[in-house]
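Q: Please take a close look at the ring contacts in this one. I'd like to see which side chains are involved, and then how the parts around them are put together.

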Amino acid sequence: MENLQVDEKKIAIRVTDLDKMYKLYDRPSDRMKEALGLTRQKRYKEHHALSKVNMSVYQGETVGIIGTNGSGKSTILKIITGVLNPTAGEVEVNGRISALLELGAGFNMEYNGIENIYLNGTMIGFSEKEIDEKMESILDFADIGDYVYQPVKTYSSGMFVRLAFAVAINIEPEILIVDEALSVGDVFFQAKCYHKFEEFKEMGKTILFVSHDLSSISKYCDRVVLLNRGIKLGEGSPKEMIDIYKRVLVGQYAVPEEDGNNLLNDRELTAAAAGKTGADRGASAGVNPELLEYGTNAAKIAEYFITDEAGVHTTAVIKGQEFTLHMRVEFMEDVPAPIFAFTIKNIKGTEITGTNTMVEKAFLEPVRAGERKEITFRQKMSLQGGEYLLSLGVTGYEKDTFQVYHRLYDVLNLTVISDKDTVGYYDMDTVALVGEWKG
């Protein structure tokens with residue numbers, strides 16, 4: 001019994017059988033009829049944003065929540081912070097919470113920055129005197145100058161998040177909850193936010209963190225919870241959950257039974273993926289619906305996908321690990337010497353790297369109509385963490401004339417996951433040593 005009491009004290013947040021259901025109506029009149037009691041017929045569809053979710057966060061932990069859009073990440077944070085009420089289940093919170101949720105949550109758009117600082121501080125439970133004592137550190141961190149005296153409705157999104165984060169981070173919460181907010185603002189402000197994040201971890205504060213930035217999840221979180229379509233697929237180390245999430249992104253997962261709180265195992269994942277083609281798994285996730293496509297139609301890139309070093313189909317690769325790009329090409333006409341190529345750009349459109357089979361001296365032979373070729377490019381991922389775009393092509397020369405048989409620009413989104421980014425576009429895999437200078 002004594003041990004149970006000790007464990008109880010360590011709980012910062014506990015969520016038990018949490019459920020959030022929304023009623024979706026086809027017409028506004030159906031909602032009105034039900035509200036007025038004019039019908040006994042069920043006129044809505046049930047949408048479960050969360051279904052029987054259980055999780056615990058212990059004091060001093062940094063816990064991340066990841067999942068695709070619509071998985072329930074933001075919903076669970078809103079319920080924990082009291083913004084939403086659950087349909088069923090219980091939430092226990094031990095400690096003073098500061099939350100940075102959607103941009104503008106908790107702010108009055110008509111108030112100026114100073115007034116909103118007092119408003120937010122009062123809502124959290126601080127007295128006016130306590131807020132006065134923290135005002136200078138808040139304003140220094142936000143660094144928005146005289147705009148703090150203007151209504152926040154006139155702020156840019158960058159100024160808005162600067163002030164919101166400055167309030168959230170400087171009121172000394174016991175529990176900090178952050179929902180994607182660190183991705184807003186310029187690079188210098190983001191660096192300042194992450195530095196504060198690390199200070200919080202060193203101080204033993206509890207942090208609950210939702211982000212699509214898998215590099216940040218990998219670097220800062222002690223433990224990660226994976227949600228999908230309102231169901232908890234599992235929890236564990238960042239690496240374990242990111243590996244599972246990579247499979248979720250390409251549809252290689254099995255939906256758990258009603259108690260969706262057990263981690264999926266490899267056998268279930270393999271069974272779920274059985275029968276899928278490379279196109280199903282590769283081209284279904286991370287594909288650009290507005291890609292640029294052109295060529296002579298002498299060849300067609302029919303399938304394309306990426307696999308990690310374990311052979312798992314994915315669009316997210318961990319820096320330092322090997323990955324393989326696959327292209328499957330069909331030929332409609334005879335081609336004297338096709339060249340298969342790929343390039344990787346950053347999201348601003350700058351070409352970062354790329355190669356082709358001619359450069360690699362891999363293949364320069366004629367092919368005939370009806371032939372099908374599978375091309376693989378295997379390499380170590382040395383790019384910095386971030387988002388990239390992949391382009392593919394089949395080209396060649398016919399009597400010294402360059403031909404494009406089929407080209408797909410920006411066809412796939414490639415995410416690089418990293419917990420160590422150096423300067424520039426890629427990592428030289430440097431080994432740094434420091435010793436005594438004996439001179």
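**Rings, and what surrounds them**

A: Let's start with a charge on a ring: Lys 205 has its charged end over the ring of Phe 200, with 5.9 Å to the ring centre. Keep in mind that this is a predicted model. Another lysine does something of this kind: Lys 20 lies over the face of Tyr 22, at 5.2 Å from the centre of that ring.

Now for rings meeting rings. The structure has 6 aromatic pairs in total. One of them joins Tyr 294 to Tyr 409, with centres 6.1 Å apart and 35° between the planes, and that makes it a tilted pair. Tyr 294 belongs to strand S10 (residues 292–294) and Tyr 409 to strand S18 (residues 401–417), so this contact ties together parts that are 115 residues apart in sequence. As for solvent, Tyr 294 is partly exposed because its relative accessibility is 34%. Tyr 409 falls into the partly exposed class too, with a relative accessible area of 23%.

Phe 340 and Phe 363 make another tilted pair, with 6.1 Å from centre to centre and 50° between the planes. Phe 340 sits in strand S14 (residues 339–346), while Phe 363 is in the loop between strand S15 (351–356) and strand S16 (372–380), so here the parts tied together are 23 residues apart in sequence. Are these two phenylalanines buried or exposed? Phe 340 is buried, at a relative accessible area of 2%. Phe 363 comes out at 18%, and since the cut-off for buried is under 20%, Phe 363 counts as buried as well. Phe 340 and Phe 363 don't stand alone, either: ring pairs link them with Phe 331 into a cluster.

Phe 331 gives us a way into the sheet next on the list, since strand S13 covers residues 322–331. S13 is part of an open sheet of 3 strands in the order S11-S13-S16, paired antiparallel. Strand S11 (299–308) and S16 are the edge strands with a single partner each, so one side of each has no neighbour in the sheet. Ignoring direction, neighbouring strands here are turned by 15° against each other on average. The antiparallel join between S11 and S13 is made by 9 bridges. If you want one to click on, Lys 300 has Glu 330 in S13 as its bridge partner.

There's also an open sheet of 6 strands, ordered S5-S6-S7-S3-S8-S9, and its pairing is mixed. Its edges are strand S5 (97–100) and strand S9 (231–236), and each has a single partner strand, so one side of each is left free of a neighbour in the sheet. From one strand to the next, the twist averages 15°. Strand S8 (residues 223–228) and S9 run antiparallel and are joined by 5 bridges. Within that join, Asn 228 faces Ile 231 of S9. Helix H9 (residues 238–249) packs on this sheet, where it touches strand S3 (62–66), S8 and S9, and the direction of H9 makes about 20° with that of S8.

For a helix with its own surroundings, try H6 (residues 157–170). It has 14 residues and spans 20 Å from its first C-alpha to its last, close to the 20 Å expected at 1.5 Å a residue. How many of its residues are buried? The count is 12 of the 14, so H6 is largely enclosed by the rest of the structure. Among the buried ones are Phe 160, Arg 162, Phe 165 and Asn 170. Just after H6, Glu 172 has a positive phi of about 55°.

Glu 172 and Asn 170 turn up again from the point of view of a lysine. Lys 134 is in helix H5 (residues 128–142). Neighbours within four places in sequence aside, Lys 134 contacts Phe 126, Asn 170, Ile 171 and Glu 172. Lys 134 counts as buried because its relative accessibility is 13%.

Zooming out for a moment: the protein chain carries 11 helices and 18 strands, and 45% of its 439 residues count as buried. Taking the contacts in the chain with a separation of 6 or more, 71% are between residues 24 or more positions apart.

Note on methods:
Residues are numbered from 1 along each chain as its sequence is written. This is a predicted model: local features need pLDDT of at least 70, side-chain atom pairs count only at pLDDT 80 or more; totals for chains, interfaces and linings use all residues. Side-chain values use heavy atoms; hydrogens and water are left out. Rings of Phe, Tyr and Trp (its six-membered ring) pair if their centres lie within 6.5 Å; planes under 30 degrees apart count as stacked, over 60 as edge-to-face and the rest as tilted. Helices (H or I, at least four residues) and strands (E, at least two) are DSSP runs, numbered from the N terminus. Buried means under 20% relative accessible area, exposed over 50%, partly exposed in between (1.4 Å probe, protein chains only). A charge sits over a ring if NZ of Lys or CZ of Arg is within 6 Å of the ring centre and within 35 degrees of the ring normal. The expected span of a helix is 1.5 Å times one less than its number of residues. Two strands pair if DSSP finds at least two bridges between them. Axes are lines fitted to C-alpha atoms, for helices over the stretch in contact, and angles run from 0 to 180 degrees between N-to-C directions. Contact means heavy atoms within 4.5 Å.
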